[in-house]
Amino acid sequence: MQNIKIAIQKSGRLNEDSLNILKDCGISIDNGTDQLKASARNFPMEVFYLRNGDIPQYLRDGVVDIAIIGENVLVEKGEDIEMAEKLGFSKCRVSLAVPKSASYTCIEDLQGKRIATSYPRTVQQYLDERGVRADLHIITGSVEIAPNIGLADAICDIVSSGSTLFKNNLREVEVMLHSEAVLAVSPKIGPEQQEILTKLQFRLRSVLKARQHKYVLMNAPNERLDAIIELLPGMRSPTVLPLAEQGWSSIHTVIPGDRFWEILDEVKREGAEGILVCPIEKMIL
Ligand SMILES: Nc1ncnc2c1ncn2[C@@H]1O[C@H](COP(=O)(O)OP(=O)(O)OP(=O)(O)O)[C@@H](O)[C@H]1O
Ligand SMILES: O=P(O)(O)OC[C@H]1O[C@H](OP(=O)(O)OP(=O)(O)O)[C@H](O)[C@@H]1O
Ligand SMILES: [Mg+2]
């Protein structure tokens, strides 16, 4: 059987989470980080460790079949490359920022100004769509320092917590793009590799679903069951089992992570107690 070739970032912010998600998919990779290539022991996969920024070209050329890459890099360098799956980690945004002291009310304020960035195509397109012309200065790192050294009037770079902007006395004024790690697919992927990709996507989806949910168990007096069940989502409906103590039941269900605290507060108010929350490893609908 043939292998699917996957590119992941050699070192940097995506490396560890990329290896972890493959591991959660049950794929064990024999690797030392000094190697540029490794094989999976129990899945038809070869792993290539590459620079994030180089990956779109490798996908385009069909050197690798798939890759885990920042969506922002695909937008910048790979508009012809298909995105198969959002992976939920390395969330950030690509934003425009100006010095705190600069006046800024709208994008037209950047007309004729100098903008330093590592994302020239993303910025250019954003400006073109809004009819603004500016001078782009392309630099590959430490972009946030550019206004302080007189190189630019504004910058466009990745923002996550905002602390790099804060430390450099900059203010985020436009969010151009929300980004996260994604699974990207080469336009040249072959039919056998496509089959392996389908298997991988099935696993990835069950891992991602599981990461987004919690398994919750709680005890409740029987007379409160209906009110509590009303509040609970579940894969189909919650499971209710009798406790050894008369008049009490145990309720088991699955709750989406983003509504989790809100739902727990409500069921507590309705009389639920002894609440246990467990992670889910895989979730197949
Ligand atoms: N502060 C951040 N918070 C969250 N995600 C981020 C942050 N900075 C970068 N990312 C995401 O992680 C990806 C990799 O960033 P990183 O800084 O590790 O590598 P890089 O220098 O952009 O790439 P290369 O591998 O080509 O050297 C980015 O493309 C982006 O999607
Ligand atoms: O909003 P924040 O949480 O401060 O994150 C944003 C910073 O993170 C990234 O840099 P990184 O630390 O990856 O360094 P790099 O420029 O060397 O890639 C990015 O280029 C920003 O500078
Ligand atoms: Mg970086």
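Two strands pair if DSSP finds at least two bridges between them. Strands (E, at least two residues) and helices (H or I, at least four residues) are DSSP runs, numbered from the N terminus.

The exercises concern a predicted model, in which local features need pLDDT of at least 70 and side-chain atom pairs count only at pLDDT 80 or more, while totals for chains, interfaces and linings use all residues. Residues are numbered from 1 along each chain as its sequence is written, and chains are lettered from A and ligands numbered from 1 in the order in which they are written.

**Exercise 1. The mixed sheet**

Determine the strand order of the sheet that contains β7, β10 and β11, and trace the partners of L96.

Solution.

Step 1. The open sheet has 5 strands in the order β9-β8-β10-β7-β11, and its pairing is mixed. β9 (135–138) and β11 (170–179) are the edge strands, each pairing on one side only. From one strand to the next, the twist averages 25°; such angles run from 0 to 180 degrees between N-to-C directions, and axes are lines fitted to C-alpha atoms, for helices over the stretch in contact.

Step 2. Strand β7 (residues 92–99) runs antiparallel to β11, and 8 bridges join the two. C92 has S179 as its bridge partner in β11, and L96 has E174.

Step 3. β7 is also joined to β10 by 5 bridges, again in the antiparallel sense. In β10, L96 has the bridge partner C156, while R93 stands opposite V159. L96 therefore has a bridge partner in each of two strands: E174 in β11 and C156 in β10.

Step 4. The parallel part of the mixed pairing includes β8 and β10, which are joined by 3 bridges. Here T117 stands opposite C156 of β10.

Step 5. Helix α4 (residues 120–129) packs on this sheet and touches β7, β8 (114–117), β9, β10 and β11. Two residues are in contact if their C-beta atoms, placed from the backbone, lie within 7 Å. The direction of α4 makes about 170° with that of β9.

**Exercise 2. The antiparallel sheet**

Which strands stand at the edges of the sheet of 4 strands, and why is one side of each left without a neighbour?

Solution.

Step 1. The order in this open sheet is β14-β15-β13-β16, with antiparallel pairing.

Step 2. The edges are β14 (239–242) and β16 (273–279); each has a single partner strand, so one side of each lacks a neighbour in the sheet. Neighbouring strands are turned by 20° against each other on average, direction ignored.

Step 3. Within the sheet, β13 (residues 213–221) and β15 (residues 248–256) pair over 9 bridges in the antiparallel sense. A220 has S249 of β15 as its bridge partner.

Step 4. Helix α8 (residues 260–269) packs on the sheet and touches β13, β15 and β16. Its direction makes about 160° with that of β15.

**Exercise 3. Domains and ligand shells**

Identify the domains of the chain and the residues that surround each ligand.

Solution.

Step 1. The chain divides into domain 1 (4–90 + 180–210), domain 2 (92–179) and domain 3 (213–279); these bounds come from an automatic or database domain assignment. Between the C-alpha centres of domain 2 and domain 3 the distance is 48 Å.

Step 2. Ligand 1 is surrounded by 15 residues, the closest being G12, N52, G53, G70 and S160; a residue counts as near if its C-beta atom, placed from the backbone, lies within 6 Å. Domain 1 and domain 2 each give at least three residues to this shell.

Step 3. By class, the shell of ligand 1 has 4 nonpolar, 9 polar and 2 charged residues. Ala, Val, Leu, Ile, Met, Phe, Trp, Tyr, Cys and Pro count as nonpolar, Asp, Glu, Lys and Arg as charged, and the others, Gly among them, as polar.

Step 4. Around ligand 2 are residues including R13, G141, E144 and D157. Two elements give two or more residues to this shell, β10 (154–159) and α5 (163–167), and β10 gives the most, with 3. The classes are 2 nonpolar, 6 polar and 3 charged residues.
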